[in-house]
Number of protein chains: 2
Amino acid sequence: MNIPSNTIDRLCKIFGQLDILGKKSIEFVSSKDLAIAIGTTEYTVRKDISLIGVTGFTRKGYEVVSLKEQLGEKLNLKTQRKACIVGLGRLGTALLDYEKFKQDGFDIVAGFDSSINKIERIHTSIDVFSVAELENVVSQCNIELGIIAVPSEHAQDIADKLVRAGVKGILNFSPVEINVNENIIYSRIDLTNALRSIAARF
Amino acid sequence: MNIPSNTIDRLCKIFGQLDILGKKSIEFVSSKDLAIAIGTTEYTVRKDISLIGVTGFTRKGYEVVSLKEQLGEKLNLKTQRKACIVGLGRLGTALLDYEKFKQDGFDIVAGFDSSINKIERIHTSIDVFSVAELENVVSQCNIELGIIAVPSEHAQDIADKLVRAGVKGILNFSPVEINVNENIIYSRIDLTNALRSIAARF
C-alpha cells in the first residue's frame, strides 16, 4: 500500500475503536466520535478513511461493521498473524500471556529466553525455547512478528537473529533503538519515554 | 511551556538518546545521529532544539552532557516523580518492578489491586494496597503519575479515582480510551495497535 505512515497508524486506531464499538453492538459512529476516540480531528478522520476508498458514510455516520470490514481488508488485518516474544523477564512473560493479542488477531506461538533455568520454570501455555533455537523455530513456524523484551545489550543481536529467521516485523520493548534492514517493519515502545512525555507537560 | 505537543515528544526522545550516549561516555553527537536515533530529520532535530533556546552546537555536534542538562531543565525532567500502578495482573506487576523507571527518574511508590488475595500473594519490594485505599495513599504520598493496567471495564473508574486523588498525569495501558479532565496530562499505550501498525505495512 502507498498510504502515508501516519495515516496507517490512525487507521489502525480507528480499526481498534470500531472493534470496541462492534462488541457493544453499536451500529453507527460519527467521524466526530472517531476523532475524539483516537485523538485527532474530524477532518483527518474523514480524509484518512476516504484515502483508502472506503464507502458507506450515511447521515447516521459510518456503519461500524462495514467500515471495520473494509479497513481490515485494506490494512491486511484479517489474517491471524503469528508472533513470538524474545526475553522472558517480567515484561516478556506478561506479554506472552497478554490475552488480548490473540483476540485481536495476533497469535503468540513461541517465547524465547537465553536462560534454560527460566524456560524450565516458567508457567505458561505457550511453547518456550532457548534463544539458540530461535532461528529454527521462527522459520519453521512461519512467525511473522518478533517482539523483543530483552535487556538493552542483547536487543540488536536478537533483532539480527529474528531478521535472519525471516520475520517481517519487529516490535522492540527494550530501552535502546536497534538497526534493521529497511525491508523490516520496525517499531519501538519506549516505556520511560511515555512517562517523560507526560511529565514534561506538567 | 508553550511548545507544540509533537516537539515535546521528540525532545523527550532526544533526552533519552542523550542519556544512552552519556552512559557510554560519548561527548558529542550530531543532529544527524540524533535524527536517526529518534526517527526524524536533521532539520526537525535542529529546529526542535533551537525552539527551546538551547545553545552549545559546535562543529563536533551537540555536547551530550550539556544538551541533556539543558533539556532536562527546560522539560522539567530533573525532578524525581512519584508514580503508582493500578491493576496488578501480569502486565501491572511487570511494570511495578520495571527497574528502568527508577533509573530514569520515575519512582513507583505504590501498587493497587481490587483483589486482596492478589495483594497478599504478590512478590515485590513496592508497597501494595487495595484499590479502596487508592485515593488516600495517592494524595498522602503526593503521587503525580498514575499508570493504569486494569481490565477495560474498570479503566474509567480507576482514572476518575486517580484524578480525584490529585494525580497530574495518567498513562493508560488498558485496551480502551478513557475520558479525563483537560487539566490532566493523558496518554495511552495500545499494545495491540502497535502490532497492527506493523502488520498493516506488511
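**View 1. B:K161, a lysine that counts as buried.** With a relative accessibility of 17%, B:K161 falls in the buried class (under 20% relative accessible area; over 50% is exposed and anything in between partly exposed, using a 1.4 Å probe and protein chains only). This is a predicted model, so local features are shown where pLDDT is at least 70 and side-chain atom pairs at pLDDT 80 or more, while totals for chains, interfaces and linings take in all residues. Residues count from 1 along each chain as its sequence is written, chains are lettered from A and ligands numbered from 1 in the order written, and side-chain values rest on heavy atoms, with hydrogens and water left out. B:K161 pairs with B:D157 in a salt bridge, the closest N and O atoms sitting 3.1 Å apart (the rule wants a side-chain nitrogen of Lys or Arg within 4 Å of a carboxyl oxygen of Asp or Glu). Both partners belong to helix α9 (residues 152-165) of chain B, four residues or about one turn of the helix apart (helices are DSSP runs of H or I with at least four residues, strands runs of E with at least two, numbered from the N terminus). B:D157 comes out as partly exposed, at 37% relative accessibility. Elsewhere, salt bridges with shared partners tie A:D19, A:K23 and A:K68 into one network.

**View 2. The A:K161–A:D157 pair in chain A.** Here the closest N and O atoms of the salt bridge between A:K161 and A:D157 are 3.1 Å apart. The two residues are four apart in helix α9 (residues 152-165) of chain A, again about one turn. An α-helix has 3.6 residues a turn, so residues three or four places apart point the same way. A:K161 is buried at 17% relative accessibility, whereas A:D157 is partly exposed at 38%.

**View 3. Helix α4 of chain B and its packing.** In α4 (residues 64-74), the buried residues are B:V64, B:L67, B:Q70, B:L71 and B:G72. They pack against α1 (5-23), β1 (28-29), α2 (31-38), α3 (42-51) and β3 (61-63) of chain B. After the helix comes B:N76, with a positive phi near 65°.

**View 4. How chain A sits against chain B.** Contact (heavy atoms within 4.5 Å) links 53 residues of chain A with 53 of chain B. About 5,000 Å² is buried between the two chains, 69% of it from carbon and sulfur atoms; this is the accessible area (1.4 Å probe) that two parts lose on being put together, summed over both. On the chain A side, A:L195, A:R196 and A:F202 lose the most area to chain B, together 16% of what that side buries. Chain A can be laid on chain B with an RMSD of 0.0 Å by a 180° turn and a 0.0 Å shift along the axis (least squares on C-alpha atoms with pLDDT of at least 70 in both copies). The two copies are thus related as by a two-fold rotation axis. They use the same surface, with 100% of the contact residues of chain A recurring in chain B.

**View 5. Polar and charged links across the interface.** Between chain A and chain B the rule finds six salt bridges, out of 36 over all chains. A:D104 is buried, at 8% relative accessible area. Its salt bridge with A:K100 brings N and O to 2.5 Å. A:D104 also meets B:R196 from the other chain, at 3.6 Å from N to O. Twelve residue pairs, both members at pLDDT 80 or more, are in polar contact across the interface (N or O atoms within 3.5 Å; within protein one must be able to donate a hydrogen and the other to accept it, and residues adjacent in sequence count only if both atoms are side-chain atoms).

**View 6. Helix α10 of chain A, with A:N193 picked out.** Nine of the nine residues of α10(A) are buried, so the helix is largely enclosed by the rest of the structure. Among them are A:L191, A:T192, A:N193 and A:L195. At the N-terminal end A:D190 acts as the cap, placing a side-chain oxygen 3.2 Å from the backbone nitrogen of A:T192. A:N193 lies in this helix and is buried at 7% relative accessibility. The side chain of A:N193 reaches over to the backbone nitrogen of B:K13 at 3.3 Å. Leaving aside neighbours within four places in sequence, A:N193 is in contact with B:D9, B:C12 and B:K13.
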